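This report walks through one protein model, from a pocket to its cores and loops. Keep the sequence and the structure in view as you read.

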Amino acid sequence: MTPGSILVEYRTQRGSELPRTISEELEVEPEELVHSICRIRTADGLKVALNYTYIPCSLLPALDTRMLEGSFYEYINQQYGLEICSGPLTNEAVLPTQEQAELLGIRDCALLRTSHSSYLADGRPFEYTITYYVNSRIIYTRDYRRSENQRHNWEYAGSK
C-alpha cells in the first residue's frame, strides 16, 4: 500500500475562530495563530480519509505546504527536530456532511471519526487532529495489550 495526501486547504486562524474544544486542547489564547490544514488521505490512489489538523504557529512559525502531501510527521522531525508523542484517541461513527461526501467520493456511507491530541516530549500540546475514515475502505487493527495502567472509556452516544 502506498500512502498519499491531497492538500484541500491550508490557512491560519486565530484561536478565537476555532471550536472551543480545539483551542482548549491546544492551549492557545484567542489572539494566537494556528495552522489549519485539511487533507484527503489516500492509499494506492484511493481516497480513504479526510483529515483536519490544527497546530499552534508558535511551535511551527513557518510551514512548507508542499510537505503536507507527504509524511507530515517525518517532515516535522527532520525540519524541526521535534519529537511528537501520542495522546488519547476517541473513535465515533458519524454520517458525512455533504462536503465530506463530495471530497471523498462517497454516498450513503458512515465514517469513522477519530480525534486526538499529540504532545511534544516536553508535554506541550503539538496538534489536534480529526480524521474521518471511509469505513468501507479501511480496516482498523490494534495490537491490544492488557496492562495495569491501561484504561478504556466507553460512552453511550445517546447521552450527548
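Start with the second largest pocket: strand E2 contributes the most to its lining, with five residues. The model is predicted, so to speak of local features a pLDDT of at least 70 is needed, side-chain atom pairs count only at pLDDT 80 or more, and totals for chains, interfaces and linings use all residues. Residues are numbered from 1 along each chain as its sequence is written, and side-chain values use heavy atoms, with hydrogens and water left out.

## The second largest pocket

This pocket holds about 560 Å³ of space. Its lining has 26 residues, and Arg 39, Arg 41, Asn 51, Thr 131 and Tyr 133 are the closest to the pocket centre. Two or more lining residues come from each of strand E1 (3-14), E2, E3, helix H2 (72-80), strand E6 (111-120) and strand E7 (125-134). By type, the lining divides into 13 nonpolar, ten polar and three charged residues.

Some terms need their cut-offs. A pocket is an open set of points on a 1 Å grid over the protein atoms alone, where a 1.4 Å probe fits, with protein on both sides within 12 Å along at least five of seven lines; lining residues have an atom within 4 Å of a point. Its volume is the space filled by probe spheres set on the points, which are joined across faces, edges and corners. Nonpolar covers Ala, Val, Leu, Ile, Met, Phe, Trp, Tyr, Cys and Pro; charged covers Asp, Glu, Lys and Arg; the others, Gly among them, are polar.

## The whole chain

The protein has three helices and seven strands. Along the sequence they follow the pattern β-α-β-β-α-β-β-α-β-β. Helices (H or I, at least four residues) and strands (E, at least two) are DSSP runs, numbered from the N terminus.

Of the 160 residues, 38% count as buried. Buried means under 20% relative accessible area, exposed means over 50%, and partly exposed lies in between (1.4 Å probe, protein chains only). The accessible surface comes to about 10500 Å², and 47% of that surface belongs to carbon and sulfur atoms. Among contacts with a separation of 6 or more, 58% join residues 24 or more positions apart. A contact means heavy atoms within 4.5 Å.

## Two nonpolar cores

The largest nonpolar core has 21 residues, and Leu 50 and Tyr 54 have the most contacts inside it. H1, E2, E3, helix H3 (98-104) and E7 each give two or more residues to this core. E7 gives the most, with four residues. Apart from this core lies another, of eleven residues, among them Ile 37, Leu 63, Leu 82 and Phe 126. Such a core is a set of buried Ala, Val, Leu, Ile, Met, Phe, Trp, Tyr and Cys residues joined through side-chain atoms within 4.5 Å.

What does Leu 50 touch, not counting residues up to four places away in sequence? Its partners include Cys 38, Ile 40, Leu 103, Leu 104 and Ile 130. Arg 39 and Thr 131 are also among the residues that Leu 50 touches.

## Loops with a positive phi

Most residues other than glycine have a negative phi. Glu 27 is not a glycine, yet has a positive phi of about 55°. Glu 27 sits in the loop between helix H1 (20-26) and strand E2 (33-43). Asp 44 is not a glycine either, and has a positive phi of about 50°. The loop between E2 and strand E3 (46-56) holds Asp 44.

At 59% relative accessibility, Glu 27 counts as exposed. Asp 44 counts as exposed too, at 55%.

## Loop residues and their partners

Gly 87 lies in the loop between strand E4 (84-85) and strand E5 (89-94). Pro 88 is in the loop between E4 and E5 as well. Ala 110 is found in the loop between H3 and E6.

Where does the chain bring these residues together with others? The table gives C-alpha to C-alpha distances.

| Residue | Partner | Apart in sequence | Distance |
|---|---|---|---|
| Gly 87 | Leu 120 | 33 residues | 9.9 Å |
| Pro 88 | His 116 | 28 residues | 5.8 Å |
| Ala 110 | Pro 96 | 14 residues | 6.6 Å |

Leaving out residues up to four places away in sequence, Gly 87 touches Ser 117 and Tyr 119. On that same basis, Pro 88 touches Ser 115, His 116, Ser 117 and Tyr 119. Ala 110 touches Val 94, Leu 95, Tyr 133 and Asn 135, again not counting residues up to four places away.

Pro 88 counts as exposed, at 61% relative accessibility. Gly 87 counts as partly exposed at 29%, and Ala 110 counts as partly exposed at 27%.

Conventions. Accessible areas come from the Shrake-Rupley method with a 1.4 Å probe; for residues, only the protein chains shown count as cover.
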